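Open the model in your viewer and keep the selection panel at hand. We will start with the whole chain and then move to single residues.

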Amino acid sequence: MRQAQSEGVIKAMSISREAEGVAQDLARQLIHPHLGFVLFFCSAEYDLDALGQALEQYFGGVTLVGCTTAGEITPQGYGRNCVSAIGFDHRHFSVACELIDEMERFSLIDAQQLVERLINDCRSNSLAPIKDHSFALTLFDGLSSREEVVLAALSAAFGRIPHFGGSAGDDNYLARTHVYHAGRFHSGSAVVVLVNTWLDFEVFTTHHIQPREERLVVTRADSSERRVYELNAEPAAQAYAELIGVPLEALDFALFAAHPLAVRINDRHYVRSIQKVNDDLSLSFYCAVENGIVLTAMRPGPLLPNLETLFARLEDGLGELLLTIGCDCFLRRLEIESTGDVEAVSGFLRSRQVIGFNTYGEQCNGVHLNQTFTGVAIGRPGGHGRR
C-alpha cells in the first residue's frame, strides 16, 4: 500500500454484502494521511441508504463520488455484487465535484457557472496549471434519458478540457439507477468531477463494432423518449427482428449486443444500442435516435485484440500505466459472457490497472456513446509521457 500511495492512487474492493462491512473494507484499504478523494462503483443490490450512511461515517471529511453499476471492474478484473474503489492522493490529484440534480433544467449558463466553480476549486490547491493538466468525469443516472442535453452544455463549457464518463446501471434490471454525492445516492441526477494532476494522462474511447451492408431508416420516433416506433415504415421491433433473422419473441439483451445499430457521421460509426422491446413493438434505445436518420446494421469484431491495440498505443504515449478508469458498456460484457471470453478480457483489464464499471452508456468529449470502452489512462510518476 505504501508504494501505491507514493504513486498517487490506491485501488480497493469489497465483496461484503453488508453496508457497514463495505465501508470498513474500503476504509481499511484506502484511508491514509494524504487521501483527498474516493471514486467508487457499486452493485445496485446493496441497501443504498445504509451504504451511503456507512460510507459517510467511515470517510467523514473525505469527498466520495460514485454510482451504481451493471457490473464492476475491480483490481481483480470483472466482478459482480461488489464495490470497486480508487483513493486519490491530494499531492498528485486536486479534485472538485458537483451534483446536477435538475437535469431537465440544466442550461449552458448553468454549465458555465458549474465549470468555473470546479476550476476555481481545483486551482486553489496550486497543484498544476488547469490547461493541459485537467480532465473531467461525468456520472449520470443511466435511466434519466438526459445525457445528450446535459453533455451538450457541459461540452461547450469545458472547452478544451477533455471529459468522459458513464451512465449508472442497476445490474440489468432497468428499474432505478443512482449516482452518489455528499453522503447519499441520488436518482434523476448527475455528478461532474474535475481532476487536476501533474501526471500524464489521455482520455480515450474505442469499440470493436464493424459495419454490415444493411440499413434501416427511422420513419417514426420520439427522440426525447429515445423511442423508435417505425423502421422502414414497419413496427420497429418487427423490422429489426427481420433484419437479424430471428423471431420477434426471441429479442433480448444478448441479441441486442450481437446485432447493434449505428449512426454514421463522416467516416465513423456511433452505436445506438437497443434497450428493450415495448408492448407496442416500438424499441427503446440507450441514446437519442431522430426521425429520418439511417441506422447501419453492425456486428461485433474481435473485442480483446481491439483492447490490446488501444493499450499498446496508450502505453507508447504514457509509459507504464498507473491507473485506467474504465466505463465499459454492459452489452460488451454480455457479449463476452456469451462467447466465453470473460476470463481472458478480465485478466487483461487487471493487467492494465483498470478500475471502473459496466455502464448503460458512455460519454466522451460531449458525445453520448453505446457499446464502447471509454475512459482515462494515467501514467506513472516519472514515466515517459509525451503529452
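How much area does the protein expose, and what share of it do carbon and sulfur atoms supply? Show the surface to see it: about 15400 Å² is exposed, and carbon and sulfur atoms supply 46% of that. Keep in mind that this is a predicted model.

**Whole chain**

Switch to cartoon. The protein has 10 helices and 26 strands. Along the principal axes, its C-alpha atoms fill a box of roughly 60 × 45 × 45 Å. The radius of gyration is 20 Å; a compact globule with 387 residues would have one near 21 Å, so the two agree.

Now colour by burial. Of the 387 residues, 57% count as buried. Then turn to contacts between residues at least 6 apart in sequence. Of these, 81% join residues at least 24 apart.

**Charges**

Select Lys and Arg in one colour, Asp and Glu in another. You will find 32 positive and 48 negative side chains. The centres of the two sets lie 6 Å apart.

**Cysteines**

Next, look for disulfides. The count is zero. Why does Cys 67 not bond to Cys 42? Select both and check the sulfur atoms: Cys 42 holds the closest cysteine sulfur to that of Cys 67, but the gap is 7.4 Å, too far for a bond because a disulfide needs the two sulfurs within 2.5 Å. Cys 67 is buried, with a relative accessible area of 0%.

Add Cys 327 to the selection. For the sulfur of Cys 327, the closest cysteine sulfur is in Cys 67, at 7.8 Å, so this pair is also too far apart for a bond. Is Cys 327 buried or exposed? Cys 327 is buried, at a relative accessible area of 1%.

**Leu 143**

Move to Leu 143. This residue is in the loop between strand S8 (134-140) and helix H5 (147-158). Leu 143 is partly exposed, with a relative accessible area of 27%.

Which residues does Leu 143 touch, leaving aside neighbours within four places in sequence? Select Asp 170, Leu 174, Ala 175, Arg 176 and Thr 177; each is in contact with Leu 143. Then add Gln 275 and Tyr 360, which are in contact with Leu 143 as well.

For a last stop, draw a C-alpha to C-alpha distance from Leu 143 to His 269. The two are 126 residues apart in sequence and 23 Å apart in space.

Technical notes
Residues numbered from 1 in each chain as written. Predicted model: local features only at pLDDT ≥ 70, side-chain atom pairs only at ≥ 80, totals over all residues. Heavy atoms only, no water. Helix = DSSP H or I, 4+ residues; strand = E, 2+ residues; numbered from the N terminus. Rg over C-alpha atoms; globule rule 2.2 N^0.38 Å. Buried < 20%, exposed > 50% of the residue type's maximum accessible area, 1.4 Å probe, protein only. Contact = heavy atoms within 4.5 Å. Areas by Shrake-Rupley, 256 points an atom, 1.4 Å probe, with all protein chains shown as cover. Charge placed at Lys NZ, Arg CZ, Asp CG, Glu CD.
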